[in-house]
Amino acid sequence: MTPENAETTALNVLGWLVTNDELLPVFMGATGIDQEALRQQAGAPDFMGSVLDFVLMDDAWVIQACDALKLPYETLGRARQLLPGGAQVHWT
């Protein structure tokens, strides 16, 4: 996977997220982002990393997104590693 593929993957996940009526409000509440800021930030590598961080918090969300996008389950984690902040190791 390349950084460009990672950004494309994250954009596809964002597209899936905005069509998910149950999960989108959770994302917006957790991040404090509104619809206008969501439109403005879409595609920004830092923001796309936060989209993947959010989905990666729950295995069920990863499975749902990957199934909908027809991606192997490990794809989101690999994509996250290539976006800003993805190389940081979190031990908690």
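**Helices, a shared core and its aromatic rings**

Thr75 is part of helix H6. The model is a predicted one, and Thr75 gives a convenient place to enter it. Its relative accessibility is 10%, so Thr75 counts as buried, the limit being under 20%. The side chain of Thr75 reaches the backbone oxygen of Pro72, at 2.9 Å. Apart from neighbours within four places in sequence, Thr75 is in contact with Met1 and Thr9.

Thr9 leads to helix H1, where it is one of the buried residues. The others in that list are Ala6, Ala10, Val13, Leu14, Trp16 and Leu17. Viewed down the axis of H1, these buried residues fall within an arc of 160°, so they line one face of the helix. A general point helps here. An α-helix has 3.6 residues a turn, so residues three or four places apart point the same way. The buried residues of H1 pack against H2, H3, H4, H5 and H6. The length of H1 can also be checked: at 1.5 Å a residue, its 16 residues should span 22 Å, and its end C-alpha atoms are 22 Å apart, which agrees.

After H1 comes a loop that leads to helix H2, and Asn20 lies in this loop. Is Asn20 buried or exposed? With 15% relative accessibility, Asn20 counts as buried. Its side chain reaches the backbone nitrogen of Leu23 at 2.8 Å. Not counting residues up to four places away in sequence, Asn20 touches Pro25 and Gln64.

The largest nonpolar core holds 25 residues, of which Leu17, Phe27, Phe47, Val55 and Leu76 touch the most other members. H1, H2, H4, H5 and H6 each give two or more residues to this core. Leu17, leaving out residues up to four places away in sequence, touches Leu23, Leu24, Phe27, Val51 and Phe54.

Aromatic rings come next. The count comes to three aromatic pairs. In one of them, Phe27 and Phe47 are arranged edge-to-face, with 6.1 Å from centre to centre and 65° between the planes. Phe27 lies in H2 and Phe47 in H4, so the pair ties together parts that are 20 residues apart in sequence. Phe27 counts as buried at 0% relative accessibility, and Phe47 counts as buried at 9%. Another pair, Phe54 and Trp61, is stacked, with 4.7 Å from centre to centre and 25° between the planes. Both Phe54 and Trp61 are buried. Phe27, Phe47, Phe54 and Trp61 form one aromatic cluster.

Note on methods: Residues numbered from 1 in each chain as written. Predicted model: local features only at pLDDT ≥ 70, side-chain atom pairs only at ≥ 80, totals over all residues. Heavy atoms only, no water. Helix = DSSP H or I, 4+ residues; strand = E, 2+ residues; numbered from the N terminus. Buried < 20%, exposed > 50% of the residue type's maximum accessible area, 1.4 Å probe, protein only. Polar contact = N/O pair within 3.5 Å; in protein donor to acceptor, adjacent residues only side chain to side chain. Contact = heavy atoms within 4.5 Å. Expected span 1.5 Å × (residues − 1). Arc of directions from axis to C-beta. Core = buried A, V, L, I, M, F, W, Y, C linked by side-chain atoms within 4.5 Å. Phe/Tyr/Trp six-rings, centres within 6.5 Å; stacked < 30°, edge-to-face > 60°.
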